[in-house]
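Please open the model in the viewer and keep the sequence panel visible. The tour proceeds by selection, from a whole chain to single residues and then to pairs of helices.

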Amino acid sequence: MKKLIALLLALVMVLGLVACGSGNETPATDAPVSDAGNETPATDAPAASGEKVEVTMIAAQYGTQTADWWANFVSEFNAANENINLVVDVVSWNDIYTVVNTRIANGEAPDLLNIDVFADYQADGLLLPASEWVSEETYAKFYPAFLEQSVVDDVVWAVPDLASARALYYNVDILNEVGVEVPTTWDELTDVCQKIYDYYGGEVYPWGVDMTTDEGQACFAYYIWNNGGDFTDAEGNWTLNSAENVEAIEYIIGLVNAGLTNSDPANETRYDNQDMFGAGKVAMMIGPNSIPTYCSVGGYDVNYAVASIPVNGDNASVSAGVMDRIMCFDNGYTDEELAAVTAVVDAFYDDEPYSEWVLMEDFLPATSAGGEAMAAANPESAAWIEIVGSAKFYPTAKAEWADVKQGVIDVLQQALLGEDVQTLLDDLQAEIAG
Amino acid sequence: MKKNSPKKAPKNSLARTIEPYIWIAPSVILMAIFIVIPIGYVFYMSVSEISKAGLVKGFAGLENFSKVLGSSKFSLVLKNTVVWTIMVVVLSTVLGFILALLLNNKFKGRKIARAIVVFPWATTLVIQASAWKFIIDTDYGALNTLLKSLGIIGANVNWTPTPEAFFAWEIACGIFVTIPFVCFTALSGLQSIDSSYYEAATVDGATYFQQLFNITLPLVKPSLTVATVLNIIYVFNSFPIVWTITKGDPASRTDTLVTYLYKLAFYNGKQGEAAAVSVIGFLILLVCASVYMVSTLKKGDE
């Protein structure tokens, strides 16, 4: 009997621990529904009774000021629109996908969502086309190139709320000390890296690289785009194993193997590199426009400057853009409810609050008015607005993107371990394109 | 009693039958809500087709399982998990037991020594793992700084040049945080051994090791068994150490089943396959824990 009880107890413990371990991927049952909690689901909005129309929104937390900004926006909006009750949950990036998926699975999708991806929700038929909930006036404000990033089947499904772009950051003091110019091509880059390496005897890493699960896809993009390659061709077919891509990845892997980069690109994230850049341990790296803020908040006193990302041969330099979006879930709205959603979106993109929004967390605007406001506030940012205007974006509108993203990170890491780049990319292409 | 109050008896016995169930009802209900239902849901997800937005699209049969088992990563990850579990459990059990033997001796400062042993256990795993990551960091690591200031090394040493080296450090970290648990379980076993056994053995001329293997070990075995079973389950399912130090990078070489399924679910959006991995892990644990319990308890009875 004792044996049996002991056995049972052990089984219960196994069950318990497995339940703990698996709680992560059971959003429907035990994940917290939201940070702010207890707001009524969108479908319960008491529009029919002539009371306030409720609009619910989940917004990503970009930084320390995001929640305050939204709280302020909500109180001002609700004061100005007496018949609308706007409720915004600000959720951290770590939790937001789980929270959104939980809400969707429970039939409590928010009305509006501010997040980076949209294709997965669109593929499930959960979204409304932007033309149905964005007024023409607001729609006209967006950079057309940005709207194109949210098109599936010739329909725009989401609108951009902000963007960021990447460029080459270099430590001016180190380059002057070594006596080299800023590299503009890969040949120059190799040469400059070697000179920095020799000068400091390996104490300074010439080039910062991040091939981690965090953001390895960005590394992949920097090199293929600046070698004339791309993830897809003009028709949107995957071209992961193109000759340009193979050459680009072989180049950067070669740079790592030659010892000219940080020591462990598969485990050192961009933030690790930014810290080392700030401390003068990394001489050059490709990074976002938020690096100045990162350095000043981190207390780093580094003399840096910005340049275009180096290219192979005479290709045009391409910056990598990242864009976040606002989308509207199809919750079976009445005309009145849809008008309320439109009112919220119009208020958000109104020039004054929107300029504040973009300037607040050091991002780049997605509307021309926001761009003008930013350029006026800070002349240096004008260059960035130009950069983001010409940046390429990840093909996030394609349903396979999540697999491609993890796939290219895996390719980079396997290549670091000595596998053949051509074979790896051939395999990935076969897996993705079928 | 029975004869004096014949009418009351059935009512009493009914109440008595029901009463224990009322007392355990809250825990049963809690367990049902927080353990049984989520587990049931994971099984349900593992045989469902689930979209990336998390909607269940229909019944998928064993497709998720065949995809998982067919992927080249899975065998690598399973191998890692087995190595991880065996290394951490075996080494922490041996080291924890030795430490318990030391702490069972009477010496000055024993209480302080015992308190210090608890520290690694009392600290959150994420913090432990972050600290280890910081210690072995090539550029800013405490280990390199220490060795440099002692003049043992001239330049920074890369302590993690290969994925295997990284994995070994993760195992070391796992052992470090598991030792206290084994140590205290063993210590409680050691303290319950009657000292007269040892006195008798000493009188008979038994050596220290004879005493260790013939008296101490058999008597501590039940507590070590419990510790080992719990450890197998706990270490197998451990997420924070691997995730904090390497996230399974590079190319899944340091992934265990749990970090692998986390990436499947939240980085690749394949929740169905992630649930399938979870179910496979559950079955492995179930078999291991049952076999171990049954065999050791049987031996204990003989």
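What percentage of the 434 residues in chain A is buried? Select chain A of this predicted model: buried residues make up 56% of its 434 residues. A cartoon display of chain A presents 20 helices and 11 strands. Among the contacts in chain A that join residues at least 6 apart in sequence, 75% link residues at least 24 apart.

**Confidence in chain A**

Next, colour chain A by pLDDT. Its mean pLDDT is 84, and 88% of its residues reach 70 or more. Then select residues 16–49 of chain A, over which the pLDDT is below 50. Beyond near neighbours in sequence, this stretch nevertheless has 72 contacts in the model. Where pLDDT is low, the predicted coordinates should not be read in detail.

**Helix H12 of chain A**

Move to helix H12 of chain A, residues 243–257, and select A:Glu244 within it. Is A:Glu244 buried, partly exposed or exposed? A:Glu244 counts as partly exposed because its relative accessibility is 34%, a value between the limits of 20% and 50%. Show the surrounding residues: leaving out those up to four places away in sequence, A:Glu244 touches A:Asn227, A:Gly228 and A:Gly229. A distance label between the C-alpha atoms of A:Glu244 and A:Trp225 should read 8.8 Å, for a separation of 19 residues in sequence.

In helix H12 of chain A, select A:Asn257 as well. With a relative accessible area of 55%, A:Asn257 is exposed, since the class begins over 50%. From A:Asn257, draw a C-alpha to C-alpha line to A:Ser390; the two residues are 133 apart in sequence and 32 Å apart in space.

**The loop after H12**

Proceed to A:Asn267, in the loop that runs between H12 and helix H13 (270–278) of chain A. A:Asn267 has a relative accessible area of 8% and is therefore buried, the limit being under 20%. Which residues are in contact with A:Asn267, leaving aside its neighbours within four places in sequence? From chain A they are A:Thr212 and A:Asp272. From chain B they are B:Phe166, B:Ile245, B:Thr246, B:Asp249 and B:Pro250.

**Two helix pairs in chain B**

Now hide chain A and select helices H3 (residues 72–104) and H4 (residues 110–122) of chain B, whose axes come within 10 Å and cross at roughly 160°. That angle makes H3(B) roughly antiparallel to H4(B), because it is over 145 degrees. The crossing of the pair is left-handed. To see the contact, show B:Leu99, B:Leu103 and B:Asn104 of H3(B) together with B:Arg110, B:Ala113, B:Arg114 and B:Val117 of H4(B). By class, these are 4 nonpolar, 1 polar and 2 charged residues.

Finally, select helices H8 (residues 195–203) and H9 (residues 208–236) of chain B; their axes come within 11 Å and cross at roughly 165°. H8(B) is thus roughly antiparallel to H9(B). What is the handedness of this crossing, left-handed or right-handed? The crossing of H8(B) and H9(B) is right-handed. H8(B) contributes B:Tyr197, B:Tyr198, B:Ala201 and B:Thr202 to the contact, and H9(B) contributes B:Gln211, B:Ile215, B:Thr216 and B:Leu219. Coloured by class, the contact of H8(B) with H9(B) has 5 nonpolar and 3 polar residues, with no charged residues.

Technical notes. Residues are numbered from 1 along each chain as its sequence is written. Chains are lettered from A and ligands numbered from 1 in the order in which they are written. This is a predicted model: local features need pLDDT of at least 70, side-chain atom pairs count only at pLDDT 80 or more; totals for chains, interfaces and linings use all residues. Side-chain values use heavy atoms; hydrogens and water are left out. Axes are lines fitted to C-alpha atoms, for helices over the stretch in contact, and angles run from 0 to 180 degrees between N-to-C directions. Helices (H or I, at least four residues) and strands (E, at least two) are DSSP runs, numbered from the N terminus. Angles under 35 degrees count as roughly parallel, over 145 as roughly antiparallel, 65 to 115 as roughly perpendicular and the rest as oblique. A crossing is left-handed if the near helix is turned anticlockwise from the far one by less than a right angle, and right-handed if clockwise. Contact means heavy atoms within 4.5 Å. Ala, Val, Leu, Ile, Met, Phe, Trp, Tyr, Cys and Pro count as nonpolar, Asp, Glu, Lys and Arg as charged, and the others, Gly among them, as polar. Buried means under 20% relative accessible area, exposed over 50%, partly exposed in between (1.4 Å probe, protein chains only). pLDDT is the predictor's confidence in each residue, from 0 to 100.
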